[in-house]
Amino acid sequence: MSKDRPAHRRAAGSHGGPSRNRGQKPILAFTMGDPAGIGPEVTAKAFALPVLRRLCRPLVIGSLPVIRQTIAGLRLPLTAVPVSGHESPLGRPGIMPVLDPLERPLGSFRMGAVSAKTGAAAVAFIRKAVELAETGCVDAVVTGPINKEAINRAGYSYPGHTELLADLTKSRDVGMMIVGGPLKILFVTTHVALRALPDALDADRITRSIRLADRAMREFYGLAAPRIGVAALNPHAGEGGLFGEEERRHIGPAVARARRAGIDACGPLPADTLFGKAARGGYDAVVAMYHDQGLIPLKMVAFGSCVNVTVGLPLIRTSVDHGTGFDIVGKGIADCSSLIEAATLAARLAKTRGAGGRKE
């Protein structure tokens with residue numbers, strides 16, 4: 001996965017972006033996602049809204065023919081214009097600049113279906129976006145939805161975006177944080193079967209997640225001493241070992257390590273009360289042990305407006321909180337609200353983190 005990497009990279013942990021005059025809008029790269037999914041539709045719909053141009057100078061990275069076909073099918077007042085880099089036209093009303101990194105046109109494929117062809121294309125879009133971000137050509141990356149089965153069929157053995165981005169950027173410790181409404185939740189594990197979950201948890205992994213949550217709140221939200229609530233795995237936080245040993249063996253020791261490192265972490269806390277307390281301001285961020293533990297409360301309070309932020313990368317990356325929506329492809333009913341939310345957060349982070357010059 002590391003072949004064809006850009007020749008110039010910023011140091012790990014740097015979020016410098018393109019040089020711009022004070023007040024100039026950041027350049028955001030929007031990857032189209034899987035061409036067979038709703039990614040092209042939500043991207044086109046978002047570009048048709050004035051709010052996107054108010055936020056940033058947007059650039060689409062995706063298949064130009066697919067984007068043009070999508071615009072025509074939706075009858076949107078847009079014109080997709082091919083570009084070879086981050087140059088103008090960016091942010092002009094009615095114009096969608098599209099950088100198509102594919103060596104040859106994508107060709108025919110079935111909408112709403114898993115295929116290696118579209119999976120490979122989705123990865124190509126991500127690779128190009130990472131290259132532009134690492135070389136300082138764009139300020140941040142906003143990713144559309146990919147299909148995990150499709151990218152694996154194409155030969156990319158990753159469970160999702162986060163792991164792919166970590167490999168592309170050679171980032172050692174990364175984490176997925178979902179932001180929605182009053183909640184900010186970082187996950188220790190993501191796509192792991194429940195029966196395999198206890199074996200996937202250990203004190204080192206949980207400690208890294210607590211540190212990433214603390215780092216995210218400091219770097220992204222400017223908090224000097226963020227309060228991190230750490231969820232238990234078992235009911236009643238294990239009830240002293242009666243309902244499980246993970247709290248005593250792994251989660252508790254991880255919290256203790258984090259506290260010794262100066263992090264204001266608390267836990268393990270019963271999940272049935274922790275998320276409510278966090279939503280009321282008791283904690284700045286929560287570390288959840290697994291996917292549904294954190295996403296159920298998030299989507300209860302902020303369905304359709306959650307944003308995925310990858311913590312630990314040398315670039316800013318946000319993403320929609322939904323999948324490829326194969327069941328609604330072509331119906332014209334996909335909602336672009338999550339993409340707008342992801343762009344809003346990316347633009348805000350880019351403005352606050354956008355020091356540094358463009359690499360040539």
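In which kind of crossing does H4 pass H6? Here are some notes to help you find your way to that pair of helices and a few other places worth a look.

1. First, what you are looking at. This is a predicted model, and the chain has a mean pLDDT of 89. Of its residues, 90% reach a pLDDT of 70 or more.

2. Two stretches deserve some care as you read. Residues 1–17 have a pLDDT below 50, yet the model still gives this stretch 58 contacts beyond near neighbours in sequence. Residues 355–360 also stay under 50 in pLDDT; for them the model has 19 contacts beyond four places in sequence.

3. Now to the opening question. H4 passes H6 in a right-handed crossing. You will find helix H4 at residues 116–134 and helix H6 at residues 161–168. Their axes lie 11 Å apart, and the two helices pack at an angle of about 50°, which means that H4 is oblique to H6.

4. To see who takes part in that contact, start on the H4 side with Val 123, Ile 126, Arg 127, Val 130 and Glu 134. Facing them from H6 are His 161, Leu 164, Leu 165 and Leu 168. Sorted by character, the residues of this contact come out as six nonpolar, one polar and two charged.

5. A second pair of helices is found earlier in the chain: H1, residues 39–47, and H3, residues 64–74. Their packing angle is about 65°, with 9 Å between the axes. At that angle, which is where the roughly perpendicular range begins, H1 counts as roughly perpendicular to H3. The crossing of H1 past H3 is right-handed.

6. Which residues of H1 meet H3? They are Pro 40, Glu 41, Ala 44 and Lys 45, and their partners in H3 are Val 66, Ile 67, Thr 70, Ile 71 and Leu 74. The residues of this contact divide into six nonpolar, one polar and two charged.

7. Glu 41 and Lys 45 are worth a second look, since they also meet each other: their side chains form a salt bridge, with 2.7 Å from N to O. Side chains of opposite charge can pair when their charged atoms come close. Glu 41 and Lys 45 are four residues apart in helix H1, so about one helical turn separates them.

8. How many salt bridges does the structure hold? The count is 11.

Methods
Residues are numbered from 1 along each chain as its sequence is written. This is a predicted model: local features need pLDDT of at least 70, side-chain atom pairs count only at pLDDT 80 or more; totals for chains, interfaces and linings use all residues. Side-chain values use heavy atoms; hydrogens and water are left out. pLDDT is the predictor's confidence in each residue, from 0 to 100. Contact means heavy atoms within 4.5 Å. Axes are lines fitted to C-alpha atoms, for helices over the stretch in contact, and angles run from 0 to 180 degrees between N-to-C directions. Angles under 35 degrees count as roughly parallel, over 145 as roughly antiparallel, 65 to 115 as roughly perpendicular and the rest as oblique. A crossing is left-handed if the near helix is turned anticlockwise from the far one by less than a right angle, and right-handed if clockwise. Ala, Val, Leu, Ile, Met, Phe, Trp, Tyr, Cys and Pro count as nonpolar, Asp, Glu, Lys and Arg as charged, and the others, Gly among them, as polar. A salt bridge is a side-chain nitrogen of Lys or Arg within 4 Å of a carboxyl oxygen of Asp or Glu.
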